[in-house]
Amino acid sequence: MFDEKTQKIMDEVVRLKKEKNAIILAHLYQRPEVQEVADYVGDSLGLARTAANTDAEVIVFAGVHFMAESAKILSPDKIVLLPEIEAGCPLADTITAESLRKKKAEHPGAIVVTYVNSSAEVKAESDIICTSANAVKVIESIPPEREIIFTPDRNLGDYVAKKTGRKLILWDGYCNTHQRLTPDDIRQAKAEHPNAKVLVHPECRPEVVALADGVFSTTGIINYVVNDPGDEFIIGTEAGIMHQLTKKAPHKKCYLASKKLICPNMKLTTIEKVKLALETLEPQIEVDPEIAKKALQALERMLAIG
Ligand code: SF4
């Protein structure tokens with residue numbers, strides 16, 4: 001499946017992993033060769049849980065910056081490496097701790113629910129974190145009379161508000177990659193594959209979500225494809241998911257809803273950089289202990305809900 005040179009580097013990564021007592025956690029949007037050397041491949045919720053429970057001394061996080069920060073907050077005694085330090089998330093960058101403090105001042109007493117795609121500082125200013133897999137449950141855990149500020153993804157917030165019937169004060173952030181998927185892309189994909197079910201991520205815009213047969217986190221999409229009796233699916237999330245879909249449901253036909261669904265930040269992590277990170281134990285992610293303490297409380301509230 002991989003060329004000889006790539007396979008050699010992958011073998012070396014596996015050897016280094018053992019030597020350094022390291023675990024590699026990879027997001028589903030990572031490159032196939034990076035997913036293949038990982039000990040765990042999943043969405044943000046699964047990755048957070050794995051980071052919280054690992055016995056390894058070193059966590060190599062193949063993902064973007066906020067994910068590695070969450071791993072460090074959940075496992076402060078471990079060395080957490082982010083192979084490409086420039087791998088950020090434009091959605092997480094739409095909000096700062098200061099801008100959130102301003103919003104909180106406008107709505108005193110509101111509960112702040114923050115999507116995991118956010119910096120440690122923003123998490124520290126939040127009451128509870130959510131992922132796309134548990135956002136509905138998190139909102140439902142909040143007493144109905146409480147006002148809720150939902151940050152930073154307005155599309156996920158809109159989806160959750162509709163699902164729960166709750167009125168949410170939405171932050172105006174969005175994921176550039178999922179936002180690129182348009183209703184016309186879905187209509188075209190459906191015209192090409194009339195028997196396929198449309199499964200999309202809730203980071204997609206509401207007009208796209210409205211055309212979908214199912215709305216799930218990345219792990220939720222994979223589980224749906226594996227368990228559904230149907231055998232054709234149009235997939236509305238980042239292209240990296242196709243690797244696991246091919247592995248887990250090899251007999252089913254999955255079509256990416258648009259070629260535009262590629263997150264450049266997720267693709268910054270290469271197998272060469274993973275190898276270098278293991279060799280040098282750099283770049284390490286650090287989080288200010290005071291910020292980490294507050295962010296941990298918000299993350300643990302989420303993990304307690306599921
Ligand atoms: Fe951020 Fe979107 Fe890329 Fe995920 S896919 S890292 S939310 S920009």
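Hi everyone, let me start with what the record says: the unreviewed UniProt entry carries a "binding site" annotation covering Cys 89, Cys 175 and Cys 263. These three are spread over 175 residues of sequence, yet they cluster in space, with a largest C-alpha distance of 9.2 Å. Cys 89, Cys 175 and Cys 263 are also included in the lining of the largest pocket. Please keep in mind that what you have in front of you is a predicted model.

So what takes up that pocket? The ligand does: the space it takes is the largest pocket. Around the ligand you will find Tyr 29, Val 64, Cys 89, Pro 90, Asn 117, Cys 175, Glu 203, Cys 263 and Met 266. Sorted by class, this shell has seven nonpolar residues, one polar and one charged.

Let's visit two of the cysteines. Cys 89 is in the loop that runs between strand E4 (79-81) and helix H5 (97-106). Is Cys 89 buried or exposed? Its relative accessibility is 14%, so Cys 89 counts as buried, the cut-off being under 20%. If we set aside neighbours within four places in sequence, Cys 89 is in contact with Val 64, Phe 66 and Asn 117. Val 64 and Asn 117 may ring a bell, as they are among the residues around the ligand.

Now over to Cys 263, which sits in the loop between strand E12 (253-256) and helix H14 (271-280). Cys 263 is buried because its relative accessible area is 12%. Not counting residues up to four places away in sequence, Cys 263 touches Thr 177 and Glu 238.

There is a second set in the record. UniProt, again in an unreviewed entry, places "binding site" at His 27, Ser 44, Tyr 115, Val 116, Asn 117, Ser 132, His 201, Pro 202, Glu 203 and Thr 218. From this set, Ser 44 and Val 116 belong to the lining of the largest cavity.

I picked two of these for a better look. Glu 203 is in the loop between E9 and helix H11 (206-209). With a relative accessible area of 5%, Glu 203 is buried. Which residues does Glu 203 touch, not counting those up to four places away in sequence? They are Tyr 115, Asn 117, Asp 153, Asn 155, Cys 175 and His 178. Cys 175 is one of the cysteines I opened with, and Glu 203 is itself among the residues around the ligand.

The other pick is His 27, in strand E1 (residues 22-27). His 27 is buried, with a relative accessible area of 4%. Leaving out residues up to four places away in sequence, His 27 touches Gln 35, Val 41, Gly 42, Asp 43, Ser 44, Leu 47, Ala 62, Met 67 and Met 266. Met 266 links back to the ligand, as one of the residues around it.

Met 67 brings us to helix H4, where it is one of the buried residues. Why is H4 (residues 65-74) described as largely enclosed by the rest of the structure? Because nine of its 10 residues are buried. The buried ones are Phe 66, Met 67, Ala 68, Glu 69, Ser 70, Ala 71, Lys 72, Ile 73 and Leu 74. They pack against E1, helix H3 (44-53), strand E3 (58-62), E4, helix H6 (120-124) and helix H15 (289-305).

A few stops elsewhere before I finish. His 193 is found in the loop between helix H10 (183-192) and strand E9 (197-200). His 193 is buried, at a relative accessible area of 18%, and beyond its neighbours within four places in sequence it is in contact with Glu 232, Ile 234 and Tyr 255.

Arg 166 is in the loop between helix H8 (154-164) and strand E8 (168-170). Is this arginine, Arg 166, buried or exposed? Buried, with a relative accessible area of 15%. Residues that Arg 166 touches, apart from those up to four places away in sequence, include Ile 139, Ile 142, Pro 143 and Arg 146.

Last comes Pro 32, in helix H2 (residues 32-37). Pro 32 is partly exposed, with a relative accessible area of 31%. Not counting residues up to four places away in sequence, Pro 32 touches Phe 2 and His 243. Thanks for listening, and I'm happy to take questions!

Methods:
Residues are numbered from 1 along each chain as its sequence is written. This is a predicted model: local features need pLDDT of at least 70, side-chain atom pairs count only at pLDDT 80 or more; totals for chains, interfaces and linings use all residues. Side-chain values use heavy atoms; hydrogens and water are left out. A residue is near a molecule or strand if one of its heavy atoms lies within 4 Å of it. On a 1 Å grid over the protein atoms alone, a cavity is a set of points where a 1.4 Å probe fits but cannot get out, and a pocket is an open set with protein on both sides within 12 Å along at least five of seven lines; lining residues have an atom within 4 Å of a point. A molecule sits in a cavity or pocket if more than half of its atoms lie within 2 Å of its grid points. Ala, Val, Leu, Ile, Met, Phe, Trp, Tyr, Cys and Pro count as nonpolar, Asp, Glu, Lys and Arg as charged, and the others, Gly among them, as polar. UniProt positions are given in the numbering used here, feature names are shortened, and annotations may be inferred rather than shown by experiment. Helices (H or I, at least four residues) and strands (E, at least two) are DSSP runs, numbered from the N terminus. Buried means under 20% relative accessible area, exposed over 50%, partly exposed in between (1.4 Å probe, protein chains only). Contact means heavy atoms within 4.5 Å.
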